[in-house]
Amino acid sequence: MAFRTPYYCCYFSFSFFFFLSFARSSLQEIVPSSIHSVVDDTNDFQAYPSYFSLLQDGKFKGLIKQRPETFSLERFGEVLDKIPGSCKTVNVDDFGAKGDGSSDDTRAFRKAWKFACSSKGGAFLEVTAEKNYLVKPVKFSGPCKADLITVQIYGNIEASDDRSDYGKDRRHWLLFNDVQNLIVQGGGTINGNGNIWWKNSCKINKTLPCEDAPTAITFYNCENLIVKNLKIKDAQQIQMQFEKCVNVEAYGLRITAPETSPNTDGIHVTNTQNIHISNSVIGTGDDCISMVNGSQNVLATDIVCGPGHGISIGSLGSKNSKAYVSGIIVNRAKLIGTTNGVRIKTWQGGSGSAINIIFENIEMNNVTNPIIINQKYCDQSKPCKKQGKAVQVKNVMYKSISGTSSSDVAIKFDCSQSYPCQGIVLQDVDLKLEGGDEVAKAFCNNVKLTYIGDVSPQCN
């Protein structure tokens, strides 16, 4: 068995980690104002450390109080400086993988990972192009001796569709856990082969019990992570999940599943801090991006979403739980034919907060609920009990959002009477009804609003 050590195996672009250091400004307070001026737009992320800094420098100085919270991924660059210029390269075929679409290649993948993880310096694990590898559930576990591991997926990885193969863990198919300094990149395709799982979902067949189904690829408790240029399709349930991760760059992703596939969220973020999702096209049967409890300092830029349920924060507070989400920016997104545009959804009876959130430079095309906050979210067969407690939604900015709504109500703020939505700002919003001359409407309940610039529709 020959292991190659080419000069290029550890040479990849880490420019993001060297210069991504932007100030996250916590919006402490938005003072109600009748000001109707316009803040200049910017579409350059690198010249765009914080929207709130623009407000401070412009005509709205004093309107917003800031508390800078700077985070940086530069430490990953420091790690890279210590990694040797060469590293060991291993191919899954070296460990017996066939890649013929019918042989079980799980053991070969597991062995190849063990070798890469135990290598000194850097390691490059390659999945051969133009092959189709059939793989059962597998864990790629750390911590590793290797200072940096790159998993290069040139070929296709396909999940076993035998549900009995998932008896030990029904929630994961490909799981990377406890790994630092990791790159997973494509060319190839990760195929969850989810059709059999969708048929057995309680959302498709109401007579069946609701059970867990695997997430196609999960990154759990990973730090300093790049995921790029991957195609992910037809996950059993969630397509890609980041859980308890720190310092993540995910870009160039193409994530697809049928519009009717249940719970197939594109990218799910939970208990993860400092993550940038960019330049990705996502179309599934659920949220394109979902951010739930523990999501902090999340930046999503240049996202195309549809079909699906939109870009969502939540759901939060189910079963009277506590949930905290903060420091979310969604900038430059296009939503096409989705059931929601940009959404915040919380259950009655929960607690905690969703604060300091910006949605801006967003285009809606035939979206059912372009802008929505729903503090009475209820995703169950029986009606939810009315409860006084709620997750506090506070300091949310909607800026430069335009396009069409497929429903009469283009803006809906249905907030809690006990915990009303506070510090909600609409700036330069123009939403019209799809294919008609009628004016779209806004529904506003228990919300404190500020309008800046031209906003249509507005609450009565």
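The legends below describe several close-up views of a predicted model.

**View 1. An open sheet of 11 strands with parallel pairing.**
Read across the sheet, the strands follow the order β7-β10-β13-β16-β19-β21-β23-β25-β27-β29-β31. The edges are formed by β7, which covers residues 138-141, and by β31, which covers residues 441-445, and each of these two strands pairs on one side only. From one strand to the next, the twist averages 15°.

**View 2. The edge strand β7 with its partner β10 and the helix α4.**
Strand β10, made up of residues 172-177, runs parallel to β7 and is joined to it by 4 bridges. Within this pair, S141 stands opposite N177, the latter belonging to β10. Helix α4, which spans residues 106-117, packs on the sheet and touches both β7 and β10, and its direction makes about 0° with that of β7.

**View 3. The surroundings of Q152 in strand β8.**
Q152 belongs to β8, a strand that covers residues 148-153. This residue counts as buried because its relative accessibility is 4%, which falls under the 20% limit for that class. Its side chain makes a polar contact with the side chain of Q185 at 2.5 Å, and the side chain of Q152 also reaches the backbone oxygen of G186 at 2.9 Å. Leaving aside residues up to four places away in sequence, Q152 touches Q185 and G186 together with F124, L125, E126 and V127.

**View 4. Two cis peptide bonds, at P143 and at P457.**
Most peptide bonds are trans. The bond that joins G142 and P143, however, is cis, with omega at about 0°, and P143 is found in the loop between β7 and β8. The peptide bond from S456 to P457 is likewise cis, its omega being near 5°, and P457 lies in the segment that comes after β32, the strand of residues 447-456.

**View 5. Positive phi values at D234 and N366.**
Most residues other than glycine have a negative phi. D234, which is not a glycine, has a positive phi near 55°, and this residue lies in the loop between β15 (231-233) and β16 (240-243). N366 is not a glycine either, yet its phi is positive at about 60°. Unlike D234, which lies in a loop, N366 has its place in a strand, namely β26, which covers residues 351-367. N366 counts as partly exposed because its relative accessible area is 31%, a value between the limits of 20% and 50%.

Notes:
Residues are numbered from 1 along each chain as its sequence is written. This is a predicted model: local features need pLDDT of at least 70, side-chain atom pairs count only at pLDDT 80 or more; totals for chains, interfaces and linings use all residues. Side-chain values use heavy atoms; hydrogens and water are left out. Two strands pair if DSSP finds at least two bridges between them. Axes are lines fitted to C-alpha atoms, for helices over the stretch in contact, and angles run from 0 to 180 degrees between N-to-C directions. Contact means heavy atoms within 4.5 Å. Buried means under 20% relative accessible area, exposed over 50%, partly exposed in between (1.4 Å probe, protein chains only). A polar contact is a pair of N or O atoms within 3.5 Å; within protein, one must be able to donate a hydrogen and the other to accept it, and residues adjacent in sequence count only if both atoms are side-chain atoms.
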